[in-house]
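Got your viewer open and the cartoon coloured the way you like it? Here is a short tour, one selection at a time.

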Amino acid sequence: MAEVKRRTLLAGAAALGGTAAAVAAPGIAAASPAAPAAPSAPAASPALVTLGPDDPRYSSLTRRGSNGRFVGKPERVHVVSTTEQVVAAVQRAVRDGKRIAVRSGGHCFENFVDDPSVRVLIDTSPMRAVRYDAARRAFAVEPGALLGEVYRSLFLGWGVSIPAGATAEVGVGGHVLGGGYGTLSRRYGLSVDHLYAVEVVVVDRSGRARSVVATRDPEDPHHDLWWAHTGGGGGNFGIVTCYWFRDPAAKGDDPARLLPKAPASVLSFSATWNWKDIDERAFTRLVRNHGTWHEHNSAPDSPYADLFSVLMLSTRNTGTNLLVGHLDATTPDAERRMRAYVDAVASGTGAKPTVQHTVRPWLEAVALVQETSPAPFKVKCGYLRKGYTERQLTALHHNMAGPASENISGALWLVSYGGKVNTVAPDATAVAQRDSILKAIYMTSWEGEEAAGAKPLAWLRAFYRDIYADTGGVPVPGEVSDGSFINYPDRDLADPKLNTSGVPWHTLYYKGNYARLQRVKARWDPRDEFRHGLSVRPAR
């Protein structure tokens with residue numbers, strides 16, 4: 001399954017097989033805490049690049065999206081290197097009445113960037129600088145930087161990091177806007193919990209494009225724009241051209257103390273169960289154990305706060321189920337805790353997993369990239385406040401191992417969550433889900449054209465509806481579920497044939513924060529220039 005192969009970089013799992021290569025960091029500003037050299041004239045920024053379908057670069061830029069289901073056909077693509085160029089590109093599009101979309105890393109799961117109605121694509125991939133901004137006492141990161149590049153620059157320069165995604169080839173641009181979570185989140189929270197400021201190109205009611213810097217300072221007149229970018233999702237309010245990160249509890253002006261410290265090394269591990277060794281009782285026990293363990297070990301002060309893991313459950317025809325993860329290897333009992341965790345998940349199943357582990361430098365574990373070609377896929381999601389119910393466990397096995405799953409490349413990933421994430425109030429940022437313990441990611445992929453996806457898509461939709469049958473086929477916030485994650489967008493949630501809960505899609509993503517997001521939208525994008533299939537609608 002192409003998407004599963006792509007994202008087995010989670011927790012450094014791909015590195016256990018020795019197949020990943022370290023990412024280079026071209027375009028990163030010098031990351032040294034030493035005294036700066038004598039001032040010199042700044043290098044001239046590259047000119048704004050504008051090209052159309054006849055340009056030989058066009059196909060490369062319009063096929064950068066990782067989801068091979070969608071390929072855009074904009075009239076023109078602007079490749080930008082500065083905020084001023086973004087302003088100019090947006091102004092031209094508004095003047096011409098053209099629909100705008102923006103791309104940084106290219107990992108949007110739906111067609112928000114590649115929709116046929118998008119006529120102007122703004123590509124921010126050249127904007128990759130990572131630097132310390134002494135004036136703001138924060139680290140500035142441009143939207144085109146890939147996570148692997150950000151980790152490398154912050155760690156080698158200052159020994160710090162931000163709690164962000166586990167896939168190094170994802171771009172910062174859209175990742176942070178949905179909240180940003182990953183390998184350090186149980187220990188330190190979300191990316192947006194460390195977001196100090198954003199620079200955004202917006203369009204006012206008169207059609208004038210301009211850039212605005214908004215900060216988390218409550219007295220900032222632009223504070224609401226900052227708040228909307230702490231989980232409101234991409235493509236809603238404008239185009240971000242810079243993020244600034246600083247821990248809200250940090251004091252002083254020593255950059256090495258303004259963001260969380262990354263561990264020196266991590267213990268990466270995997271545990272594999274063969275489907276041939278697992279019957280329904282063993283399978284449901286395995287998943288139940290995993291959920292119960294996270295119910296008991298997801299408090300902020302848990303001795304397992306440094307754990308990041310993913311239980312990768314695959315359809316029976318794929319052959320195996322896999323638990324991967326890592327722990328801070330600098331703790332004296334990392335290996336003991338790893339084995340205790342794996343034993344707890346496997347307890348009572350009667351199936352002994354094959355366990356592997358290795359210790360590697362932190363940067364090597366997180367800054368790994370396995371380049372993959374785009375492949376068509378579909379992803380659905382749900383937050384879990386506790387483990388699945390017995391009915392859901394039965395449905396899970398039926399869909400993963402029953403007749404409907406034959407010849408389907410499908411998976412469910414249960415990703416560790418909670419910890420420090422759950423110490424933040426649900427309205428302090430736009431991320432409303434602040435008491436969950438796991439993220440559930442349902443996925444399928446296929447080879448060939450869209451027609452080849454008919455059976456996998458039908459399987460995935462039936463699977464999802466079955467899991468959430470008690471709440472209208474979707475993860476309505478309640479005792480077990482807590483809605484979905486906007487960075488894993490799913491247009492099905494807005495389809496009344498697939499969402500029969502009576503709960504609108506925006507409640508599943510934003511809960512009680514949606515009304516505030518609407519007010520921000522009305523203020524900062526009153527013309528609705530930035531929109532897509534699940535975009536925030538302006539307040540009436």
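Before the first stop, a yardstick: a residue is buried when its relative accessible area is under 20%, exposed when it is over 50%, and partly exposed in between. Bear in mind, too, that this is a predicted model.

**Stop 1: two loop residues with an odd backbone**

Select R137, in the loop between β6 (130-133) and β7 (138-141). Its relative accessible area is 25%, so R137 is partly exposed. Now check the backbone: R137 is not a glycine, yet its phi is positive, about 50°. Why look twice at that? Because most residues other than glycine have a negative phi.

Next, jump to N407, in the loop between α12 and β17. N407 is another non-glycine residue with a positive phi, near 65°. Is N407 buried or exposed? With a relative accessible area of 70%, N407 is exposed.

**Stop 2: the aromatic rings**

Switch on the side chains of Phe, Tyr and Trp. There are 25 aromatic pairs in the structure. Start with F109 and F377: the ring centres are 5.4 Å apart and the planes meet at 85°, so this pair is edge-to-face. The two partners come from distant parts of the chain, 268 residues apart: F109 sits in the loop between β4 (100-103) and β5 (120-123), and F377 in strand β16 (residues 377-384). F109 has 6% relative accessibility and so counts as buried; F377, at 1%, counts as buried as well.

Now pick Y181 and Y417. This is an edge-to-face pair too, at 5.6 Å centre to centre with 80° between the planes. Y181 belongs to the loop between α6 (172-175) and α7 (185-188), while Y417 belongs to the loop between β17 (409-416) and β18 (438-445), so the pair ties together parts 236 residues apart in sequence. Y181 counts as buried at 7% relative accessibility, and Y417 counts as buried at 2%.

Which residues do ring pairs link into a cluster with these four? Add Y383, F485 and Y488 to F109, Y181, F377 and Y417, and you have the cluster on screen.

**Stop 3: charges over rings**

Keep F485 selected and bring in K439. The charged end of K439 sits over the F485 ring, 3.1 Å from its centre. For another example, go to Y196: R246 lies over its face, 4.4 Å from the ring centre.

**Stop 4: helices around α12**

Show helix α9 (residues 280-296) and helix α12 (residues 390-401). Their axes come within 10 Å and cross at roughly 125°, which makes α9 oblique to α12. The crossing is right-handed. To see the contact, show E280, F283, T284, V287 and R288 in α9, which meet E390, L393, T394, L396, H397 and M400 in α12.

Then add helix α13 (residues 454-467). Its axis is 9 Å from that of α12, and the two helices pack at about 165°; they are therefore roughly antiparallel. The contact involves R391, Q392, A395, L396, H398, N399 and M400 of α12, facing W459, A462, F463, D466 and I467 of α13. Here, too, α12 passes α13 in a right-handed crossing.

**Last stop: N297**

Finish in the loop between α9 and β12 (308-314), where you will find N297. N297 has a relative accessible area of 15%, so it is buried. What does N297 touch, not counting residues up to four places away in sequence? Show R186, S302 and Y304 to see those contacts with N297.

Definitions and conventions:
Residues numbered from 1 in each chain as written. Heavy atoms only, no water. Phe/Tyr/Trp six-rings, centres within 6.5 Å; stacked < 30°, edge-to-face > 60°. Helix = DSSP H or I, 4+ residues; strand = E, 2+ residues; numbered from the N terminus. Buried < 20%, exposed > 50% of the residue type's maximum accessible area, 1.4 Å probe, protein only. Lys NZ or Arg CZ within 6 Å of the ring centre and 35° of its normal. Axes fitted to C-alpha atoms, helices over the stretch in contact; angles between N-to-C directions. Parallel < 35°, antiparallel > 145°, perpendicular 65-115°, else oblique. Left-handed = near helix turned anticlockwise from the far one by under 90°. Contact = heavy atoms within 4.5 Å.
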